[in-house]
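Biologist: Thanks for sitting down with me. Could we put the structure up and walk through it together?

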Amino acid sequence: MAEAELKSKNTALLVIDMQKDFIFPGPMHVKGGAAVVPNVIKAVEVARSREIPIIWVVREHDPLGRDVELFRRHLYADDKPKPTSKGSTGAELVDGLVIKDGDYKLVKTRFSAFFNTHLHLYLQGAGINKLVIIGVQTPNCIRQTVFDAVALDYHKVTVIVDATAAATPDVHVANIYDMTNIGVATPTLEEWCKSEE
């Protein structure tokens with residue numbers, strides 16, 4: 001087995017919130033999200049080619065909003081479509097992204113993929129101690145997940161800077177800077193593709 005393949009065996013790719021309600025206009029829209037869809041697709045393809053496990057982290061809320069943060073509950077109070085509610089079109093992954101056999105889907109109801117989920121136990125059981133993170137949005141779900149991963153002592157946490165996005169470029173850059181300051185690797189997609197992990 002090649003050295004690069006051995007190194008990737010303890011790495012997982014987390015694809016966070018690449019769902020229609022976050023990418024397309026609406027109350028949950030992340031303005032920079034659509035621009036990174038091609039890079040997210042490419043990162044998933046590269047991960048598959050390297051046999052890196054892919055974990056799809058998605059929001060799927062109760063249609064009545066009973067598991068939604070307090071500041072968002074008003075979005076579930078009337079007859080309008082309910083954002084990222086379980087079974088809705090808005091909760092689906094954007095076109096070009098598909099959960100395949102062998103991938104893992106994790107549902108969360110808060111920003112961090114670790115908060116009140118079994119993600120850490122799943123990763124420990126799989127022998128994974130390095131994470132590569134892509135998706136939306138940088139100051140919320142990406143940042144919270146990254147900070148939790150660092151707090152849980154994952155050996156290496158990587159955020160692919162042009163496969164993640166925020167509402168504005170300035171917000172994105174500021175949050176990437178903060179994550180870099182806590183030891184997170186922040187390559188471009190091209191740099192990550194050329195690396196061994």
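Biologist: What share of the 197 residues in the protein is buried?

Modeller: Keep in mind that this is a predicted model. A residue counts as buried when its relative accessible area is under 20%. By that cut-off, the buried part of the 197 residues comes to 48%.

Biologist: And how compact is the protein for its 197 residues?

Modeller: Let's start with the parts: there are 7 helices and 5 strands, and from the N terminus they run α-β-α-α-β-β-α-β-α-β-α-α. The globule rule gives 16 Å for 197 residues, and the radius of gyration is close to that, so the protein is as compact as a globular protein of that length. The C-alpha atoms fill a box of roughly 55 × 35 × 30 Å along the principal axes. The radius of gyration itself is 16 Å.

Biologist: Of the contacts with a separation of 6 or more, what percentage joins residues 24 or more positions apart?

Modeller: A contact here is a pair with heavy atoms within 4.5 Å. Taking the contacts with a separation of 6 or more, the share from residues 24 or more positions apart is 77%.

Biologist: Which strands stand at the edges of the sheet, and why is one side of each left without a neighbour?

Modeller: Happy to trace that one. The sheet is open, has 5 strands with parallel pairing, and follows the order β3-β2-β1-β4-β5. An edge strand has a single partner, so one side of it has no neighbour in the sheet; the two in that position are β3 (104-108) and β5 (156-165).

Biologist: Which residue in β2 does Leu 14 stand opposite?

Modeller: Look at strand β1, residues 11-16, which pairs with strand β2, residues 54-59. That pairing is in the parallel sense, over 4 bridges. Opposite Leu 14 you will find Ile 55.

Biologist: At about what angle does helix α5 run to β4?

Modeller: Helix α5 (residues 138-151) lies across β1, β2, β3, β4 (130-136) and β5. Its buried residues include Ile 142, Val 146 and Ala 149, and their cover includes those five strands together with α6. The angle of α5 to β4 is about 170°.

Biologist: Within what arc do the buried residues of α6 fall?

Modeller: Those residues are His 172, Asn 175, Ile 176 and Met 179, and their cover includes α5 and β5. The face turned away from them carries the exposed residues Asp 170, Val 173 and Tyr 177. Seen down the axis, the buried residues of α6 line one face of the helix, because they fall within an arc of 105°.

Biologist: How far apart are the end C-alpha atoms of helix α6?

Modeller: Helix α6 covers residues 169-180, which is 12 residues. At 1.5 Å a residue they should span 16 Å, and the model agrees with that: the end C-alpha atoms are apart by 16 Å.

Biologist: I'm curious about a cysteine too. Is Cys 193 buried, exposed or partly exposed?

Modeller: Cys 193 lies in helix α7, residues 189-194. Leaving out residues up to four places away in sequence, Cys 193 touches Lys 42, Val 46 and Arg 50. Its relative accessibility is 25%, so Cys 193 counts as partly exposed.

Biologist: How far apart in space are Cys 193 and Ala 47?

Modeller: In sequence, Cys 193 and Ala 47 are 146 residues apart. In space, C-alpha to C-alpha, the distance is 9.1 Å.

Methods: Residues numbered from 1 in each chain as written. Predicted model: local features only at pLDDT ≥ 70, side-chain atom pairs only at ≥ 80, totals over all residues. Heavy atoms only, no water. Pairing = 2+ DSSP bridges. Axes fitted to C-alpha atoms, helices over the stretch in contact; angles between N-to-C directions. Buried < 20%, exposed > 50% of the residue type's maximum accessible area, 1.4 Å probe, protein only. Expected span 1.5 Å × (residues − 1). Arc of directions from axis to C-beta. Rg over C-alpha atoms; globule rule 2.2 N^0.38 Å.
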